[in-house]
Amino acid sequence: MSYLDPRAGQSAGDETTVPAWHAGEDAQTSQLPLVPTPTTEQKPGKRRAGGRAGRNLPAAIGVGVGLILVVLASLVIWPDAFLGVIAVASAVGVYEMVRALRASGADAPLIPLVAGSLLMVGLAWYDGPDALLLGLLVTIAASVIWRIADGAAAFRRDLVASVMISIYVPFLLSFGVLLQLPDAGEDGRWRVLCTLLAVVLSDTGGYAVGVFFGKHKMAPSISPGKTWEGFAGSVLSAAIGSSLLLYYLLEIPFYWGLVFGAVLSMVAVAGDLAESMLKRDLGVKDMSNLLPGHGGLMDRLDSILFAVPTAYLLFALIGANT
């Protein structure tokens, strides 16, 4: 709606609908106050929930808090349940990706990819990174065999989609399991928590700084809302917050915490931009409508997927140098 243009919402060539105060009406009608009128593009109440772009803000907050509580409970109260959280998130993420890529004509086989995602999570928990890599190879091989059984049409396109999904979702997400291996003891849960909080700090700091100081667009063709000022806020927030978290929870020196947070923030932003670019290519706004006010689960995992394996490598580097 518009408070300035009485023809807001009409197409450029629409000459049939004229506002009540348009020149040529009688004098009494022409004195009507200029009040906002609903258009076909935006009806009254569409933004009543308070979210940007029509999102339901109360639902978004409720779902977000619920997801955070589930993860915290699995880490602090019952650590073994975190394996189940990763397994469910991986399977749902694969499902959303398969459905989304079908819009481009790629028909990745759902059953072997979901089964392979569960296999990768289990193997990572059971025997570490080597087993995780084996699970990835088995998943790709199963997808190839399954796809061959359906015929040779578009085999290459579907194979590329299957490989991309296998790596992008279950393989990267399974590094969350490696961060919390059973032999890591108490440190395992804190490593996962520090990683997730670094991503949260990055998102929150970037949003706050971007809203108040953002002027220079970072990637307008991919994510119009991101600015370089917001990116600086993301890196700074994650670096400072992570230095405190790693020091007090894991007794890691402050300078390593600064490096940890800064690097995780950069890869988290890269992950966010990567999924935004993918969604633009597919012509979709969200990966699904599974989570009210959020879209799909993959819309919440985009930053985490790149951050988790990076955190695993950084903790290995820190451990070797402290």
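**Exercise 1. Work out which residues are linked in a network of salt bridges, and where its members sit.**

Solution. Start with the rule: a salt bridge is a side-chain nitrogen of Lys or Arg within 4 Å of a carboxyl oxygen of Asp or Glu. By this rule the count comes to four salt bridges. The network links Arg147, Arg157 and Asp158.

A word on the model before going on. It is a predicted one, where local features need pLDDT of at least 70, side-chain atom pairs count only at pLDDT 80 or more, and totals for chains, interfaces and linings use all residues. Residues are numbered from 1 along each chain as its sequence is written, and side-chain values use heavy atoms, with hydrogens and water left out.

Next, take the pairs. Arg147 and Asp158 meet in a salt bridge at 2.4 Å, N to O. Arg147 lies in helix H4 (residues 110-149) and Asp158 in helix H5 (residues 155-173), so this pair ties together parts that are eleven residues apart in sequence. (Helices are DSSP runs of H or I with at least four residues, strands are runs of E with at least two, and both are numbered from the N terminus.) Arg157 also bridges to Asp158, with the closest N and O atoms 3.4 Å apart.

Last, check the cover. Buried means under 20% relative accessible area, exposed over 50%, and partly exposed in between (1.4 Å probe, protein chains only). Arg147, at 10%, counts as buried, and so does Asp158, at 0%. Arg157, at 41%, is partly exposed.

**Exercise 2. Find the residue that forms a salt bridge with Asp272, and say which parts the pair ties together.**

Solution. The partner is Lys226, and the closest N and O atoms are 2.5 Å apart. Asp272 lies in helix H9 and Lys226 in strand S2 (residues 223-227), so the pair ties together parts that are 46 residues apart in sequence. Both Asp272 and Lys226 are buried.

**Exercise 3. Compare the end-to-end distance of helix H9 with its expected span.**

Solution. The expected span is 1.5 Å times one less than the number of residues. H9 covers residues 254-282, which is 29 residues, so it should span 42 Å. Its end C-alpha atoms are 42 Å apart, which agrees. Just after H9 comes Gly283, with a positive phi of about 75°.

Now look at the loop between H8 and H9, where Glu251 lies. Most residues other than glycine have a negative phi. Glu251 goes the other way, with a phi near 55°. Glu251 counts as exposed, at 72% relative accessibility.

**Exercise 4. Classify the ring pair of Tyr247 and Tyr248.**

Solution. Rings of Phe, Tyr and Trp (its six-membered ring) pair if their centres lie within 6.5 Å; planes under 30 degrees apart count as stacked, over 60 as edge-to-face and the rest as tilted. The structure holds eight aromatic pairs. In the pair of Tyr247 and Tyr248, the centres are 5.1 Å apart and the planes stand at 90°, so the pair is edge-to-face. Tyr247 is partly exposed, at 37%, while Tyr248 counts as exposed, at 62%.

Another pair to try is Phe171 with Phe175: the centres are 5.5 Å apart and the planes at 85°, so this pair is edge-to-face. Here Phe171 and Phe175 are both buried. Ring pairs link Phe171, Phe175 and Tyr312 into a cluster.
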